[in-house]
Amino acid sequence: MQALKFEKTGSLDELSLVNIDKPVLRPGEALVRVRAAGINMSDAAGVLGMLPFVTTPRIPGRDFSGEVVEVLDAPGASSQEWIGAEVWGTGSERGFTLDGTFSQYAAVPIAALSRKPASLDHSRAGSMTLPWLCAWITVDTLANVKEGDNVIIIGARGGIGSAAAQLCNERGARIFGTYSSLAKATPPSYVTPIELGSKNAIREAIAKAGLQNKIDVLLDCAGYDQPFNDAIFTMTPNGTGRVVVMAVHAKDGLFPVNLRTFYTKALTLKGMLSSILGPLEVKEVLDDLAKKIDCGLLEGPKEVNEVDMRNMDAVKGALKEILTRASHVRSVIVP
């Protein structure tokens, strides 16, 4: 089979198209013919050596959508169960310490198989699994967003931020979302947009809404110090304020935080790591998302950029694009 692989980290030029054997299934695994694999920032960061836990040599890629073509049941016998099923997946150590999905085939535990939404094609399904898993962990597991909560999402236009907004809306929260510019953005009706045109744009918008000191949850999906510190200024001081971070823009991973504001409001800070959920937990999340997408409660992406895996210039261009956040349209590798 063909796959993208890097022998060492440090540059996107280390990534190359190779011909290798298909994965050999172990008992309890299924072989999936990958039709689309979402490109995430962690994929590019892994190749560049920004993630110290990534081992080499490695096939990157965490997301996938495709069809089951082979199954080896727990006793080690071939099985027809799941054959032909259209499935999607993400998460765990895939792409980090295990070979990932930027390949024509991938081995997946049978117990972790999840049927993709019937209403989405492979490209759209394969583009959204990791961002939506991250959004789910952020909204549900870490922030525990509830009906009536006032929520600020920094980076509401991105993959995780826009998914988090949908999940918060489903839970009955009031949502404020930040946008670097509203010139070409069309925020959903359930998000009150805040354009980051001034130093205090967030606190001014929240004060105008009459909610100063009444923000319950801050979800930072972007990782810039100015909007972060502006946002925590608006949060409740009663000890129930929850802050979740999942990104940092600075290469050294640092930015200043107004700790006086933070501790005087008795805020709680948590970090989001997508691999905190095991394969079976990820399956439960994806099964639930698929049902809600197919019945119209949640909405998948309207457009996706497809990148031919054999076009290395296009592959590297897509990885550079996601590193610089140059596009709001998700890209997928098409093996």
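**A friendly note on helix H5, the cores and the cysteines**

1. Start with helix H5 (residues 225-232), which is mostly covered, with six of its eight residues buried. Buried means under 20% relative accessible area, exposed over 50%, and partly exposed in between (1.4 Å probe, protein chains only). Helices (H or I, at least four residues) and strands (E, at least two) are DSSP runs, numbered from the N terminus.

2. A word on the model: it is predicted, so local features need pLDDT of at least 70 and side-chain atom pairs count only at pLDDT 80 or more, while totals for chains, interfaces and linings use all residues. Residues are numbered from 1 along each chain as its sequence is written, and side-chain values use heavy atoms, with hydrogens and water left out.

3. Which residues of H5 are buried? They are Pro 227, Phe 228, Asn 229, Asp 230, Ala 231 and Ile 232. Their packing partners are E8, helix H4 (201-208), E11, strand E12 (242-245) and helix H6 (259-264); contact means heavy atoms within 4.5 Å.

4. Now the largest nonpolar core (buried Ala, Val, Leu, Ile, Met, Phe, Trp, Tyr and Cys residues joined through side-chain atoms within 4.5 Å). Among its 42 residues, Ile 153, Leu 219 and Leu 289 touch the most other members. H2 gives the largest share, 11 residues.

5. Finally, the structure holds zero disulfides (pairs of cysteine sulfur atoms within 2.5 Å). Why is Cys 168 not bonded to Cys 221? Their sulfurs are 9.2 Å apart, too far for a bond, although Cys 221 has the closest cysteine sulfur to Cys 168. Cys 168 is buried, at 0% relative accessible area, whereas Cys 295 counts as exposed at 53%.
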